[in-house]
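Here are my notes on the model, as numbered points. Please read them with the structure open.

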Amino acid sequence: MTDSEVRLVLMSDAEVAAWLPTAMALYEQARLDAGDTPEQAAAGRRASEERFFPDGRLVDGQLLHAIRVDGEDAGWLWLGPWDEQGDLWWIWDVEVHPDFRRRGIARAAMLAGEGIAREHGAARLMLNVFGGNDGAIALYRGLGYEVASLHLAKPL
């Protein structure tokens, strides 16, 4: 797949509102899969919604894009600054729908997101990936991301 076939399109407020329940449910499930208790996963979801979607709309400065491939909805990429300084940015969420996976779409979207972050003055781009997501970890390493922090767990 070439990068030119993948486009990032900013979501409208209505699209964000439709996206939010699905994305937050996936986030909560990822936290559960990573070992959070149901209470911890729900608290993490609430904290994310309160910080970034206090009135159901994405706060100013954060950028939520639909990933489009030949006009079709292939997923989303959400990125934005950590704080008001704006030089540290995060990829908060990236998702490629199952029918579009294993075609280089996530890679192309990530590279496009890096360009957007640079255009907005970012000097560093970070992300979080939960353990066990081996495909995503391989993608991020292949794009040059390095471990900045590492949490390990052992069930007892």
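1. First, a cut-off. A residue counts as buried under 20% relative accessible area, as exposed over 50%, and as partly exposed in between. Keep in mind throughout that this is a predicted model.

2. Is methionine 110 buried or exposed? Its relative accessibility is 0%, so methionine 110 counts as buried. The residue sits in helix 3, which spans residues 105–119.

3. What surrounds methionine 110? Leaving out residues up to four places away in sequence, methionine 110 touches Leu77, Ile91, Val94, Leu127, Leu139, Tyr140, Leu143 and Tyr145. Take leucine 143 from that list. Methionine 110 and leucine 143 are 33 residues apart in sequence, yet their C-alpha atoms are 8.4 Å apart in space.

4. Now the charged pairs. How many salt bridges are there? The count comes to eight. One of them pairs glutamate 28 with arginine 45, with 3.1 Å between the closest N and O atoms. Glutamate 28 belongs to helix 1 and arginine 45 to helix 2 (residues 38–52), so this pair ties together parts that are 17 residues apart in sequence.

5. The two partners fall on either side of the burial cut-off, which is 20%. Glutamate 28 has a relative accessible area of 19% and is therefore buried. Arginine 45, at 21%, is partly exposed. I would read those two labels together with their percentages.

6. Other salt bridges deserve a look. Arginine 31 pairs with aspartate 36, and their closest N and O atoms are 2.6 Å apart. Arginine 101 meets glutamate 95 through their side chains, at 2.7 Å from N to O. With a relative accessibility of 41%, arginine 101 counts as partly exposed. Elsewhere, Glu15, Arg68 and Asp73 are joined into one network by salt bridges that share partners.

7. Last, a pocket. The second largest one has a volume of about 190 Å³. It is lined by 14 residues, and those closest to its centre are Asp13, Leu58, Val59, Asp60 and Gln62.

8. Which elements supply the lining of this second largest pocket? Helix 1 (13–33) and strand 2 (63–69) each give at least two residues. What is the make-up of the lining? It divides into eight nonpolar, two polar and four charged residues. Helix 1 thus appears in two of my points: it holds glutamate 28 of the salt bridge to arginine 45, and it helps line the second largest pocket.

Methods
Residues are numbered from 1 along each chain as its sequence is written. This is a predicted model: local features need pLDDT of at least 70, side-chain atom pairs count only at pLDDT 80 or more; totals for chains, interfaces and linings use all residues. Side-chain values use heavy atoms; hydrogens and water are left out. On a 1 Å grid over the protein atoms alone, a cavity is a set of points where a 1.4 Å probe fits but cannot get out, and a pocket is an open set with protein on both sides within 12 Å along at least five of seven lines; lining residues have an atom within 4 Å of a point. Grid points are joined across faces, edges and corners, and a volume is the space filled by probe spheres set on the points. Helices (H or I, at least four residues) and strands (E, at least two) are DSSP runs, numbered from the N terminus. Ala, Val, Leu, Ile, Met, Phe, Trp, Tyr, Cys and Pro count as nonpolar, Asp, Glu, Lys and Arg as charged, and the others, Gly among them, as polar. Buried means under 20% relative accessible area, exposed over 50%, partly exposed in between (1.4 Å probe, protein chains only). Contact means heavy atoms within 4.5 Å. A salt bridge is a side-chain nitrogen of Lys or Arg within 4 Å of a carboxyl oxygen of Asp or Glu.
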